[in-house]
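Student: I should like to study how the parts of this protein pack together. Could we go through the structure step by step?

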Amino acid sequence: MSLSLRLLLFIFSLISFIIIFTLLKKEKIPVKYSMVWFLASLVILILSLFPLSLSKFANFVGFLTTSNFIVAIILVLLLIITMVLTIIISNQNKKITLLIQEVSLLKGKNNV
């Protein structure tokens with residue numbers, strides 16, 4: 001892996017850590033949802049710090065270049081984040097539906 005790619009990954013992971021911490025400090029994102037982003041940033045940081053093991057593993061898996069392997073890892077991370085966010089949205093929709101039903105029942109009792 002080239003030095004410029006390692007440096008770019010390292011800077012990207014540090015920037016993402018800073019953004020996540022800033023969002024947490026301003027209470028824009030709950031801690032339980034930020035853990036997914038911290039995990040993704042940590043994986044990218046580890047990839048940038050240990051390039052030799054990454055190159056060996058990329059060759060073992062069948063990738064010709066390490067950069068292609070990094071792109072594949074980032075795509076997998078994005079798919080995982082999308083899946084987690086989909087689960088969160090699904091749970092929120094269930095709670096909203098239940099809340100609407102409860103409010104409707106309460107309004108119905110007050111009108112009777």
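Student: Which residues make up the largest nonpolar core?

Tutor: Please keep in mind that this is a predicted model. A residue enters a nonpolar core only if it is buried and is joined to the others through side-chain atoms within 4.5 Å. The largest such core has 12 residues in all: Leu9, Val36, Ala40, Ile44, Leu47, Leu54, Ala58, Phe69, Ile70, Ile73, Leu77 and Ile81.

Student: Which element gives the most to this core?

Tutor: Two or more residues of the core come from each of α2 (31-49), α3 and α4. The element that gives the most, with 5 residues, is α4.

Student: Which residues does Val36 contact, leaving aside its neighbours within four places in sequence?

Tutor: Val36 is itself listed in the largest nonpolar core, as is Ile81. With the sequence neighbours set aside, the contacts of Val36 are Ile81 and Val84.

Student: Are α3 and α4 roughly parallel or roughly perpendicular to each other?

Tutor: Helix α3 covers residues 51-61 and helix α4 residues 66-111; their axes are 9 Å apart and meet at an angle of about 85°. Angles of 65 to 115 degrees count as roughly perpendicular. The two helices are therefore roughly perpendicular.

Student: How do the residues of the contact of α3 with α4 divide into nonpolar, polar and charged?

Tutor: On the α3 side the contact is made by Leu54, Ser55, Phe57 and Ala58, and on the α4 side by Thr66, Phe69, Ile70 and Ile73. These residues divide into 6 nonpolar, 2 polar and no charged.

Student: Why is the pair of Phe21 and Phe38 called tilted?

Tutor: The whole structure holds 5 aromatic pairs. In the pair of Phe21 and Phe38, the ring centres are 5.1 Å apart. Planes under 30 degrees apart count as stacked and over 60 as edge-to-face, with the rest tilted. The planes of Phe21 and Phe38 stand at 55°, so the pair is tilted.

Student: What parts does this pair tie together?

Tutor: Phe38, at 13% relative accessibility, counts as buried. Phe21 lies in helix α1 (residues 3-25), whereas Phe38 lies in helix α2. The pair therefore ties together parts that are 17 residues apart in sequence, in α1 and α2.

Student: Is Phe60 buried or exposed?

Tutor: Phe60 forms a tilted aromatic pair with Phe57, and both lie in helix α3, about one turn apart. Phe57 counts as partly exposed at 46% relative accessibility. Exposed means over 50% relative accessible area. Phe60 has 69%, and is therefore exposed.

Notes: Residues numbered from 1 in each chain as written. Predicted model: local features only at pLDDT ≥ 70, side-chain atom pairs only at ≥ 80, totals over all residues. Heavy atoms only, no water. Axes fitted to C-alpha atoms, helices over the stretch in contact; angles between N-to-C directions. Helix = DSSP H or I, 4+ residues; strand = E, 2+ residues; numbered from the N terminus. Parallel < 35°, antiparallel > 145°, perpendicular 65-115°, else oblique. Contact = heavy atoms within 4.5 Å. Nonpolar A, V, L, I, M, F, W, Y, C, P; charged D, E, K, R; others polar. Buried < 20%, exposed > 50% of the residue type's maximum accessible area, 1.4 Å probe, protein only. Phe/Tyr/Trp six-rings, centres within 6.5 Å; stacked < 30°, edge-to-face > 60°.
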